[in-house]
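Please open the model in a viewer and keep the sequence panel at hand. The stops below are given in the order in which they may be selected.

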Amino acid sequence: MRRGAQQYVVARPLYSEESFAEDHETVYRHRKTMLDHIKQYFTCDARRAKNTALSLLPVIAWMKIYRIKEWLLSDIVSGISTGLVAVLQGLAYCLLASLPPWYGLFSAFFPVVLYFFLGTSRHISVGPFPVLCLMIGSVVTRLVPDEGLPHNITGFEGLTRDEQRVLVASSVTFLAGIMQLAMGILQVGFVVMYLSDTLVSGFTTAAAVHILVSQLKFVLGLTVPGLSGPLALIYTLEIIFNKITSTNVCDVVISLTIMVVVFVVKELNDRFKSKLPVPIPIEVIMTVIACGVSYAFDFKTRYGIDVVGYIPKGYEPPMAPNLHIFQETAVEAFPMAIVGFAVAFSVAKVYSVKHDYTIDGNQELIAFGASNIFGASFKSFAASTALSRSAVQESTGGKTQVAGLLSAIIVMIVTLAIGFLLEPLPKSVLGAVVIVNLKGMLMQFRDVPYLWRRDKPDCVVWLGTCIAAILLGLDLGLAAGLGVELISVVLRAQFPRCSVLANINGTDIYKDRKDYVDIYEPEGVKIFRIPSPIFFANIEFFRSKLVEAKGFLNTSCGPIKESEDESNMEELDLPTDFKDLPTRIDWSAELPANIIVPRVDVHSLVLDFAAVSFLDISALKGLKTMLKELIRVEVEVYIVACDPYILEKLHDCCFFDDEVQPSMFFLTLHDAMLYIHEKHPGSTEKKSDFEKIITTVTVHQPGGSLRSRDRHAPYPETKF
């Protein structure tokens, strides 16, 4: 024992898979069939009913541990701050959905109330999310364009253009909610895992570009029709540049002033957040000032700027969705459901890790699905979470969704009582607020150089998703991004980095021979590591890499001269059935003089299956063919560290026969190497005793130091 380090000495028999199974009894485990799983899923008892009820209403669990004295005041402060921001963002983000501004207040109220009871996250702020609003806006402008007649939809008769748009937005939200609720009930919340962080980053960055362009018409005071579909962003920019001479200078001055002030104060909030009790609500302050100045100087009449206008008091009666719109918008509703949940779940995970509690993805799907269905019934549009609003709720001391409920109460007060005070608010102010809040998403462009240096396939996914979403639109861009992501995964699995291993001297450890100097490679033995699952798409790749590793690629054949006897042979005399030809090659026999085959001194090949997680039927056939080819040229093959389930599958699929036998499977790589040494002692006689492998584990201890292995220290032997 050395100070600061420990050594271990193990003495055990040499094990193949068969010998290990003979010496160690396994535990029988009953494998559940699909019918068993179905029965278990639909079985109900009192305990399961209670757990299900508690899981469907997470509010019961966290209300039991609510600390009134410690948390209530923080939740009140957080709720008021978040509510003020929610009012402003509800009005601003509603412009992205091409709807009258006050409907954004509905989206900041109804979904929040239901999420309070059903959601598992205690810190996210539910409500309008700019990316979802933009996706809804593209559907709204497609079915009810700014110019021209709306689509022929049953139920549009007798409605104004704004009412038609509200019907479209609420119906597509209702459909997205149904999809989310169905996925939650079916326990398929894992689908969000297919949206990698890289893909979401590229997608949200593209969405930020779309949002920025969509708000230019408000900042510049221009009248630009809403467009949707591929290249809509390019066409929108073309229209803006054609009308740039009609810019309203007053709108530009107001927007630039708001953006500069809000940006500077937000930076100060970030820099001094440890010293400020709560962040300065600069958006709310500037909105109040702009609203007062606009009212005092009558900006609408004097300068012709566009203002929010009439805001009705109270809420409108519930409304049923339109089934015809369901048929028209099903394709767009599904990516809305996925994106809304993915963004909210990602933010919720961050806060759950920070504050040490768990969230349930399937319950979150149920919560958002029910919230969107409930909100859509009252003419709100799809809800998720805005990053900036959630940051306000958490940073101002919010502990639970009590803060979210209080923010909804603030929104309700504005809707019922003081909404009329916001009527003179210029829309350019709302556009400026939206653009300033895009900073976080637009700054994701900085990820590209980092990804290119660290992981080029991930960088390709980011760029492919971002460019496709910018040019094709958010729905098609998301589909294209998923396609690029899946292709990158398939290519990584199809062309992995195979390697030839060698023994690290003095240990039972085997590493890539290209990476280390002090290595030992027994003559005639090759160790080939396969670092991925083997399936139909990569079996030929592994075959070629294996041949390359063994050295067969250097074989060459000189021109064979045709003899007179062979040239005069009748066609019927030529052999046509090769099944009766000898299958095993005698390498000691003399070759014809005109054939040149360099000798490959490999008598044993070890395949390291430690990283192989599955084999499909095509791979089984290809692997068996490859093993038989090697055996027939008198190369002994050993497979090590094979997963027990793969080994079981090989037995079930009748993989073994007289040539390919279970005895070639060994428990560990070192077991196989020791077995090869015993069978071919001549290949290792030039080295020191290979059977005596010394293994040292260096462990950091509080009372000692961390020291590397001393090669000259008298280590005890590890005998296998």
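Select helix 7 (residues 110-118) together with helix 16 (361-377). In this predicted model, helix 7 passes helix 16 in a right-handed crossing. The two helices pack at an angle of about 150°, and their axes are 8 Å apart. That angle makes helix 7 roughly antiparallel to helix 16, because angles over 145 degrees count as such.

Show the side chains at this crossing. On the helix 7 side, the contact involves Phe110, Pro111, Leu114, Tyr115 and Leu118. Facing them in helix 16 are Gln363, Glu364, Ala367, Phe368, Ala370, Ser371, Phe374 and Gly375. By class, the contact of helix 7 with helix 16 comprises nine nonpolar residues, three polar and one charged.

Stay with helix 7 and colour its buried residues: Phe110, Pro111, Val112, Tyr115, Phe116 and Leu118. Which elements cover them? The cover includes helix 16, helix 3 (46-56), helix 4 (58-64), helix 6 (103-107), strand 2 (126-127) and helix 18 (402-418).

Next, select Asp356, in the loop between helix 15 (323-355) and helix 16. The phi angle of Asp356 is near 60°, a positive value in a residue other than glycine. Most residues other than glycine have a negative phi. Asp356 is exposed, with a relative accessible area of 70%.

A second residue of this kind is Gln187, whose phi is also near 60°, again positive in a residue other than glycine. Gln187 belongs to the loop between helix 9 (161-185) and helix 10. Is Gln187 buried or partly exposed? Its relative accessible area of 42% makes Gln187 partly exposed.

From that loop, move on to helix 10 (residues 197-220) and add helix 11 (residues 232-242) to the selection. Two packed helices are described by the angle between their axes and the distance between the axes. For helix 10 and helix 11, the angle is about 20° and the axes are 10 Å apart. Helix 10 is therefore roughly parallel to helix 11, and helix 10 passes helix 11 in a left-handed crossing.

To view this contact, display Val209, His210, Val213, Leu216 and Leu220 of helix 10. Their partners in helix 11 are Leu233, Thr236, Leu237 and Ile240. The residues of this contact fall into seven nonpolar, two polar and no charged.

Now select Cys94 and Cys133 and display their sulfur atoms. How far is the sulfur of Cys94 from the closest cysteine sulfur? The distance is 7.3 Å, to Cys133, which is too far for a bond, because a disulfide requires cysteine sulfur atoms within 2.5 Å. Seen from the other side, Cys133 is in no disulfide, and its nearest cysteine sulfur is that of Cys94. Cys94 is buried, with a relative accessible area of 0%, and Cys133 likewise counts as buried at 0% relative accessibility. A search of the whole structure finds zero disulfides.

Proceed along the chain to Phe495, in the loop between helix 23 (474-494) and strand 4 (499-504). Phe495 is partly exposed, with a relative accessible area of 45%. Add Ser532 to the selection: Phe495 and Ser532 are 37 residues apart along the chain, and their C-alpha atoms are separated by 9.1 Å.

The last residue to select is Ile646, within helix 27 (residues 644-652). Ile646 is buried, with a relative accessible area of 5%. Leaving aside residues up to four places away in sequence, Ile646 touches Val612, Ser613, Phe614 and Leu615. Add Phe609 as well: Ile646 and Phe609 lie 37 residues apart in sequence and 9.9 Å apart in space, C-alpha to C-alpha.

Finally, return to the whole chain. How many helices and strands does the protein chain contain? Its secondary structure comes to 28 helices and 13 strands. Of the 720 residues in the protein chain, 47% are buried. Among contacts in the protein chain with a separation of 6 or more, 81% are accounted for by residues 24 or more positions apart.

Terms used: Residues numbered from 1 in each chain as written. Predicted model: local features only at pLDDT ≥ 70, side-chain atom pairs only at ≥ 80, totals over all residues. Heavy atoms only, no water. Axes fitted to C-alpha atoms, helices over the stretch in contact; angles between N-to-C directions. Helix = DSSP H or I, 4+ residues; strand = E, 2+ residues; numbered from the N terminus. Parallel < 35°, antiparallel > 145°, perpendicular 65-115°, else oblique. Left-handed = near helix turned anticlockwise from the far one by under 90°. Contact = heavy atoms within 4.5 Å. Nonpolar A, V, L, I, M, F, W, Y, C, P; charged D, E, K, R; others polar. Buried < 20%, exposed > 50% of the residue type's maximum accessible area, 1.4 Å probe, protein only.
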